[in-house]
Amino acid sequence: MTVKKIAVLTSGGDSQGMNAAVRAVVRSGLYHGLEVFAVQRGFAGLINDDIREMDLRSVGDIIQRGGTILQTARCKEFTTAEGQQLGAENLRKRGIDGLVVIGGDGSYQGANKLSKLGIKTMGLPGTIDNDIPFTDLTIGFDTAVSIVVDAINKIRDTMSSHERSSVVEVMGRHCGDIALYAGLASGAETILVPEVPFDLDEIATRMSENFALGKRHSIVIVAEGVGKGEEIANGITARNGIEPRVTVLGHIQRGGAPTHNDRILASNLGDFAVRKLIEGESGKGCGIMKGELVLTDMDKVISTKKEFNMELYELAKRLSQ
Ligand code: ADP
Ligand code: F6P
């Protein structure tokens with residue numbers, strides 16, 4: 001049986017491109033003759049029954065905006081069976097039989113629970129961390145990497161003038177992809193990620209040697225999952241006497257206009273999720289792999305750890321001499 005009324009929500013940490021994804025779900029749903037609803041503040045809105053009907057205009061002028069017009073929340077109550085039942089009930093009483101959840105791995109867990117309660121549910125990977133498996137990219141990652149690269153360009157200017165070293169801490173609690181991609185794209189000397197062990201003695205020695213050989217700057221990019229940038233900088237100073245300047249980029253990485261890549265990814269995935277709901281699919285995560293839109297069982301998505309791209313890591317290492 002296909003869906004007639006669907007809803008969309010954004011959950012967990014926000015990411016640039018979530019609005020473009022909401023727009024795609026709403027417009028694609030309306031295009032296909034569905035009634036489309038929006039839930040405010042993620043799973044909290046499901047529990048509090050904060051649900052409204054959307055029309056074409058309610059998603060106008062948002063494709064270019066960061067953040068999420070639906071707002072987002074971290075909702076403890078929804079991790080309980082009672083909270084999930086209540087959320088499902090609030091959808092059912094309006095006749096809503098399909099739901100698109102845009103968020104990270106935690107949000108996928110919530111979506112999966114709803115699917116098992118009979119709500120036809122689709123997950124869209126909305127997180128800057130790029131830590132969702134079965135998709136090459138998550139919505140927001142491209143923008144976050146661009147922000148980090150832009151910041152490092154600026155940091156590098158002043159580091160080169162003063163012949164200094166810099167430690168830049170970026171987001172990624174469990175996943176080093178922002179550090180890896182931004183590090184490679186900005187020519188960082190050292191990339192520290194939670195997936196790969198490192199030796200600070202070696203890093204400090206290499207830094208001193210490179211300066212002695214005429215290098216004018218040294219950028220160390222650290223994913224927050226590794227530890228604080230300040231601690232890494234102190235460790236370097238203790239070993240080689242160089243005092244790196246520390247920049248913590250923080251939530252700057254999660255705001256601002258999405259890149260065209262994120263807007264296109266969000267548009268494709270939002271439309272794909274709606275079409276798959278209409279075909280009767282449920283309990284699936286949507287992704288893009290090697291240019292193809294793919295569906296994967298949510299159970300599989302949430303029980304699999306995304307593979308780290310060691311080839312890219314080795315490439316960055318080879319090129320950063
Ligand atoms: P993200 O989706 O960015 O990973 P969180 O991990 O904070 O963010 O998850 C977002 C929300 O998803 C949580 O606040 C909670 O409401 C819901 N959630 C997370 N884990 C579960 C779970 N195991 N069961 C049900 N809901 C969950
Ligand atoms: O969106 C994911 C993420 O950016 C992580 O890399 C980071 O640790 C976390 O969110 C911080 O989010 P918040 O400040 O909202 O808890």
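**Two ligands, one pocket, and a few residues around them**

Leaving aside its neighbours within four places in sequence, T121 is in contact with L99, V101, A111, L114, S115, L277, S282, G283 and K284, and I begin there, with the reminder that what we are looking at is a predicted model. T121 belongs to strand β5, which runs over residues 120-125, and because its relative accessibility is 0%, where anything under 20% is called buried, T121 counts as buried. Two of the residues it touches, G283 and K284, come back when we turn to T296, which is found in strand β11, residues 292-297. T296 touches F134, G283, K284, G285 and V301, once residues up to four places away in sequence are set aside, and with a relative accessible area of 9% T296 is buried too.

Let me move now to the ligands, starting with ligand 1. There are 16 residues around ligand 1, and those that come nearest are R74, C75, G104, D105 and S107. If we ask which helix gives the most to the shell around ligand 1, it is helix α4, residues 105-116, with 6 residues. As for polar contacts, an oxygen atom of ligand 1 is 2.6 Å from a polar backbone atom of C75, an oxygen atom of the ligand is 2.8 Å from an N or O atom in the side chain of R74, and a nitrogen atom of ligand 1 is 3.1 Å from an N or O atom in the side chain of K113. On its own ligand 1 has 550 Å² of accessible area, of which the protein covers 79%.

G104, which I named among the residues that come nearest to ligand 1, deserves a closer look. G104 is placed in the loop between β4, residues 98-103, and α4, and at 14% relative accessibility, with the limit at 20%, it counts as buried. Setting aside neighbours within four places in sequence, G104 is in contact with S11, G126, T127 and I132. Of these, G126 is 22 residues away along the chain, yet the C-alpha atoms of G104 and G126 are separated by 5.6 Å.

Ligand 2 is surrounded by R74, I128, D129, M171, G172, R173, E224, H251 and R254, and you will recognise R74 from the shell of ligand 1. A polar side-chain atom of H251 lies 2.7 Å from an oxygen atom of ligand 2, a polar side-chain atom of R74 lies 3.0 Å from an oxygen atom of this ligand, and G172 brings a backbone N or O atom to 3.1 Å from an oxygen atom of ligand 2. The protein covers 79% of the 400 Å² of accessible area that ligand 2 has on its own. Where, then, does ligand 1 sit? Ligand 1 sits in the largest pocket, and the space taken by ligand 2 is the largest pocket as well.

I close with two backbone details. Most residues other than glycine have a negative phi. Against that background, phi of D49 is positive, near 60°, and phi of E163 is positive as well, near 50°. D49 is placed in the loop between α2, residues 42-47, and β3, residues 51-53, whereas E163 is in the loop between α5, residues 141-162, and β6, residues 165-170. Are these two buried or exposed? D49, with a relative accessible area of 25%, is partly exposed, while E163, at 52% relative accessibility, counts as exposed because that value is over 50%.

How values were computed
Residues numbered from 1 in each chain as written. Chains lettered and ligands numbered in written order. Predicted model: local features only at pLDDT ≥ 70, side-chain atom pairs only at ≥ 80, totals over all residues. Heavy atoms only, no water. Helix = DSSP H or I, 4+ residues; strand = E, 2+ residues; numbered from the N terminus. Buried < 20%, exposed > 50% of the residue type's maximum accessible area, 1.4 Å probe, protein only. Contact = heavy atoms within 4.5 Å. Near = heavy atom within 4 Å. Polar contact = N/O pair within 3.5 Å; in protein donor to acceptor, adjacent residues only side chain to side chain. Areas by Shrake-Rupley, 256 points an atom, 1.4 Å probe, with all protein chains shown as cover. 1 Å grid on protein atoms, 1.4 Å probe; cavity = no way out; pocket = protein on both sides within 12 Å on 5 of 7 lines; lining within 4 Å. Sits in = over half its atoms within 2 Å of the grid points.
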